[in-house]
Amino acid sequence: MDLELQGRIVLITGGSVGIGLGVAEAFLSEKAKVVICARDAARIDSVVADLKAKYKTQDVWGIPCDVSKLKDIEAVVAFMKNTVGGINILINNAGTGSEETNMDAPDEKWYYYWDLHVMAAIRLCRLCVPLMKKTPGEGVIINTASMCAMQPLYYEPIYNVTKAALNMYTKCLADELIKDNIRVMAVSPGLVLTPDWYKTAGILSEKEGITVEQYFNKIATAMTPIGRYASVEEIAQTYLFFASSKASYCLGTNFHIDAGATKVIN
Ligand code: NDP
């Protein structure tokens, strides 16, 4: 199937590793133009050089950005406008898990995750949409939520709450933007084997006195009927479809890719 993504301009936050990098590679394999952003500038430079070589293209850029900061977001949007020449597809993906209890977490931690998971998407959408409207072709915004937005993991209430808020923002924005030919939706991965999980597993396995591998097996068996984590590639293809004009009737929804880990019907 031709997804008609060739030449489309895509911005992926948190695109330097994990799911974001997998999504970037998927778009590049469809000959889209891709911009990735994340905080670690050296890693971005190295990843962009690798992507240019692997996909034999110059149409991939990287820009350092902390999406929890408005001025960094403004710089990214200026880069899209002045250097890349527009934006068709925005993937709000930057994020990370947390570990706390509701009783102990300080305000600062709540605010940081609110900025990272919610305000980043709000600000990027608010600043990118005017440019998206001027860029020829349909606009698409996909927010990376999480199965934890519906089914909380016990050790990360801040993560669960902020991802749930992102889902409601997605719904509200989808209603508002479809008149402008912009589709908005969310994708909710389940367990995806990325560096973020290695970080979490490192902390929690030590507390439980088990190895990281034992921790992964325990979680996958307990949470998924399929009994394993997803690879990044298994997740990335879904983003491609929803970003494609073939998904023209998909908006305002939150699509779960979790191998049945979420124990609800919706
Ligand atoms: P990784 O930790 O592997 O990658 C996170 C990416 O986000 C990196 O590129 C990181 O780069 C970037 N990032 C983190 N903080 C910021 C910031 N403040 N500003 C800009 N970029 C930032 O995570 P995953 O690939 O696992 O997760 C990607 C998204 O998917 C997240 O939103 C996560 O919540 C969600 N998700 C993941 C699941 C999983 O099982 N892996 C399941 C469900 C949802 P840098 O550190 O250089 O900034």
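The largest cavity in this predicted model holds about 70 Å³ of space. A search of the whole structure turns up 1 cavity of 30 Å³ or more. Its lining is made of 13 residues, and those nearest the centre are Asn 92, Asn 93, Ala 94, Leu 116 and His 117. By chemistry, the lining of this cavity splits into 7 nonpolar, 5 polar and 1 charged.

Which helices each bring at least two residues to the lining of the largest cavity? Those are helix H4 (107–134) and helix H5 (157–177). H4 makes the largest contribution, with 5 residues.

Then there's the largest pocket, with a volume of about 890 Å³. Its lining takes in 41 residues, and closest to the centre sit Asn 93, Gly 95, Thr 96, Gly 97 and Asp 196. So Asn 93 turns up among the residues nearest the centre of the cavity and among those closest to the centre of the pocket, given how the linings are assigned.

Quite a few elements pitch in here: H1, strand E2 (33–38), H4, H5 and helix H6 (195–208) each give at least two residues to the pocket lining. H6 has the largest share, at 5 residues. Here's how the two linings look side by side:

| Space | Volume | Lining residues | Nonpolar | Polar | Charged |
|---|---|---|---|---|---|
| Largest cavity | about 70 Å³ | 13 residues | 7 residues | 5 residues | 1 residue |
| Largest pocket | about 890 Å³ | 41 residues | 20 residues | 13 residues | 8 residues |

H4 deserves a word of its own, since it supplies residues to the lining of the cavity and of the pocket. Its 28 residues should span 40 Å at 1.5 Å a residue, and with the end C-alpha atoms 39 Å apart, the expected and actual lengths agree. H4 also has a kink of about 45°, centred on Met 119.

Now for H1, another of the helices in the pocket lining. How far apart are the end C-alpha atoms of H1 (residues 18–29)? They are 17 Å apart, which agrees with the 16 Å that its 12 residues should span at 1.5 Å a residue.

H1 is also mostly covered, with 11 of its 12 residues buried. The buried set runs through Gly 18, Ile 19, Gly 20, Leu 21, Gly 22, Val 23, Ala 24, Glu 25, Ala 26, Phe 27 and Leu 28. Glu 25 is one of these buried residues. Just past the end of H1, Lys 31 adopts a positive phi of about 65°.

Conventions: Residues are numbered from 1 along each chain as its sequence is written. This is a predicted model: local features need pLDDT of at least 70, side-chain atom pairs count only at pLDDT 80 or more; totals for chains, interfaces and linings use all residues. Side-chain values use heavy atoms; hydrogens and water are left out. Helices (H or I, at least four residues) and strands (E, at least two) are DSSP runs, numbered from the N terminus. The expected span of a helix is 1.5 Å times one less than its number of residues. Buried means under 20% relative accessible area, exposed over 50%, partly exposed in between (1.4 Å probe, protein chains only). On a 1 Å grid over the protein atoms alone, a cavity is a set of points where a 1.4 Å probe fits but cannot get out, and a pocket is an open set with protein on both sides within 12 Å along at least five of seven lines; lining residues have an atom within 4 Å of a point. Grid points are joined across faces, edges and corners, and a volume is the space filled by probe spheres set on the points. Ala, Val, Leu, Ile, Met, Phe, Trp, Tyr, Cys and Pro count as nonpolar, Asp, Glu, Lys and Arg as charged, and the others, Gly among them, as polar. The bend at a residue is the angle between axes fitted to the seven residues ending there and the seven starting there.
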